[in-house]
Amino acid sequence: MYTKDGENYFIVDSHVHLWDGRKQNQKNVHGQEFIDCFFDYHSNLSPDSEKWSYDEYVYYGGERLMKDLFEDGYVDHAIFQSTMLMEFYKRGFSCSDESWDLVQKHPDKLTYNHSFDPRNGEAGLKQLVADAEKFNLRGVKLYTAEWHGDSRGYKLSDPGCRTYLEKCLELGITNIHVHKGPTLKPLDKDAFNVDDVDAVASDYLDLNFIVEHCGLPRLEDFCWIATQESNVYAGLSVVMPFIHTRPRYFAEVIGELLYWVGEDKMTFSSDYALWTPKWLIEKFVDFQIPEDLTDYAPITTDQKKKILGLNAAALYDIEVPEHLRLPTSAGDADTEVAPGAKQAVAS
Amino acid sequence: MTIVAMSLEAEVMEALSTVLDPELDEPITDLGFVRSVDIDDVGVTVHVRLPTSFCSPNFAYLMTSDALDAVRRIEDVGQVRVFLDDHHDSDKINAGLAADAGYRGTFGGEAEDSLDELRRTFQVKAHTAAMERCIEERLKNSGLTVADVYRLRLNNLPGGHIKDALLRRRTAIGLGIGPHARVFVDEHDVPVPPDEVPLRLRFAKSVRISIEGNSHFCRGLLGTRYADEDDLTTRITNTRGTSSSGTSSRLTARSAS
């Protein structure tokens with residue numbers, strides 16, 4: 001929990017990693033390129049005081065994660081999102097065993113989301129059933145741009161993937177986090193293209209599609225589909241750190257998201273260890289949209305509370321202490337949406 | 001008639017400045033993507049670099065092949081070679097460029113769609129952002145109201161760089177630039193109907209915010225990635241006709257405004 005000026009904020013960090021980018025885990029040069037690219041993101045967008053050394057960054061382990069999130073970082077609950085990248089790393093980029101161990105030790109603090117790849121066909125589907133049981137899955141993280149043999153990506157709307165989504169419905173895996181944003185860009189199956197989310201969101205209204213990184217750098221395409229689909233959410237991973245390097249751009253992005261997507265459909269995350277939650281939360285609670293950006297109303301304390309934790313808590317049925325609750329329509333696809341969405345649907 | 005002599009270095013840089021990053025809508029020379037230009041008796045060698053190893057290979061191909069075409073248009077330039085450095089698909093793209101293999105020839109089965117369509121998508125976005133800048137300027141600095149935006153014509157816009165940019169974007173997507181053309185139109189030059197103006201203007205704003213944000217992010221990442229090299233400068237050497245002593249210079253990329 002974070003407290004400032006007499007207000008209490010329940011914090012859910014909805015996108016964290018425990019990874020191993022060390023040399024001994026790299027399968028090929030792309031493993032090196034990938035962790036280097038992450039390190040550049042970290043170095044470029046973090047305040048100087050929050051920067052890690054390269055050695056710390058490639059592997060930091062569970063103990064440090066617990067400290068950075070829960071001791072120093074005000075986080076009440078965090079959700080692991082696995083990023084397997086089996087073509088680049090021998091045991092996968094995410095340390096799934098170590099993450100799962102931590103979840104078992106701290107079930108009140110941590111949730112584990114696994115992953116699937118529809119290109120694994122029937123065998124993968126069986127694995128998904130086994131994983132759902134083992135990890136008690138409520139969510140998955142999908143990398144539609146992940147390489148797989150000769151394939152450089154897939155679409156959520158591919159028939160093979162629909163089979164998996166239907167299985168998710170059956171298994172109660174209701175939160176589908178989709179990486180749509182920087183890094184790992186294949187060719188025509190464009191990593192930023194959100195059209196496939198649009199196609200499946202309307203077919204599976206009982207699933208929530210959390211678009212991580214909001215489709216940056218094509219925010220407008222994401223905003224447009226979010227107005228059309230009431231079960232599409234904006235995952236703020238990678239958006240958050242712009243609050244430091246480029247506050248005005250951050251204000252514009254938040255203003256646009258509040259307008260098109262709405263305060264009940266935005267979820268905070270640090271994308272740890274890309275960035276650490278402490279400074280992001282402190283800055284976000286202090287943040288206000290500049291007065292001269294007259295298209296946007298000022299952001300309210302209640303909106304910040306929803307974005308920082310209450311929305312994600314609703315999606316994952318995380319228990320929020322009575323006095324910290326606010327009504328949110330997150331998780332409810334039947335409710336009225338954002339102002340921009342109303343206008344877009346009406347026209 | 002006046003003939004202004006231009007050095008070959010300047011001609012090469014000018015040619016390269018016509019190559020735009022399709023997503024950021026800015027010249028690759030301003031973005032710091034041109035790492036080096038080496039001129040010798042045989043020809044010109046250009047090295048291109050990008051902000052990450054994972055920058056989209058289709059965009060990477062588009063920019064490097066445009067660079068190759070642009071420099072080849074210079075008279076008596078000799079053999080032109082363009083290389084993409086430090087990219088996950090560098091080998092593939094460099095082999096494709098050297099063989100003039102084209103997009104499909106370079107990527108084979110991975111390339112499903114044509115690059116022209118991709119290019120068009122981003123030219124349309126650039127046009128949308130340019131319209132929004134011009135309209136916002138009028139809303140802010142003249143008595144124009146949102147209700148009257150649909151009436152705005154090109155000759156109602158004051159001269160200056162944002163109008164020039166709009167005219168260039170219109171030309172790029174095949175729209176005319178006559179003084180009485182409407183400003184707020186779709187990609188086929190159909191004026192936005194008055195009742196749709198508020199929503200479409202709002203949407204155009206999100207397009208503009210995206211493009212500007214990307215530009216900042218990409219410049220920042222490039223700077224971080226190549227922090228050990230001289231800022232975002234292009235290293236230029238010219239040994240043509242002076243086999244023993246070459247000249248060397250640097251051009252600094254303009255910083256983001």
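**Exercise 1.** In this predicted model, find how many residues of chain A are in contact with chain B, and determine which helix of chain A gives the largest share of that side.

*Solution.* Begin with the count, taking two residues to be in contact if their C-beta atoms, placed from the backbone, lie within 7 Å: 27 residues of chain A meet 31 residues of chain B. Next, look for the elements of chain A that give two or more residues to this side, which are helix 1 (29-45), helix 8 (219-228), helix 10 (247-260) and helix 13 (339-346). The largest share, 6 residues, belongs to helix 1 of chain A. Finally, sort the residues on the chain A side by class, which yields 9 nonpolar, 8 polar and 10 charged.

**Exercise 2.** Describe how domain 1 and domain 2 of chain B are placed and how they touch.

*Solution.* First set the bounds: the domain assignment gives chain B a domain 1 made of 8-112 + 227-252, and a domain 2 made of 115-214. Then consider their C-alpha centres, which are 31 Å apart. The contact between them draws 7 residues from domain 1 of chain B and 7 residues from domain 2 of chain B. On the domain 1 side, these residues comprise 4 nonpolar, 1 polar and 2 charged.

**Exercise 3.** Work out the strand order of the open sheet of 5 strands in chain A, and name its edge strands.

*Solution.* The order in chain A is 6-7-8-9-10, and the pairing is parallel. Strand 6 (139-142) and strand 10 (266-267) of chain A each pair on one side only, and they are therefore the edge strands. Following strand 6 of chain A inward, one finds that its parallel pairing with strand 7 (residues 175-179) of chain A runs over 4 bridges. In strand 7 of chain A, A:Val178 stands opposite A:Leu142.

Definitions and conventions: Residues are numbered from 1 along each chain as its sequence is written. Chains are lettered from A and ligands numbered from 1 in the order in which they are written. This is a predicted model: local features need pLDDT of at least 70, side-chain atom pairs count only at pLDDT 80 or more; totals for chains, interfaces and linings use all residues. Ala, Val, Leu, Ile, Met, Phe, Trp, Tyr, Cys and Pro count as nonpolar, Asp, Glu, Lys and Arg as charged, and the others, Gly among them, as polar. Domain bounds come from an automatic or database domain assignment. Two strands pair if DSSP finds at least two bridges between them.
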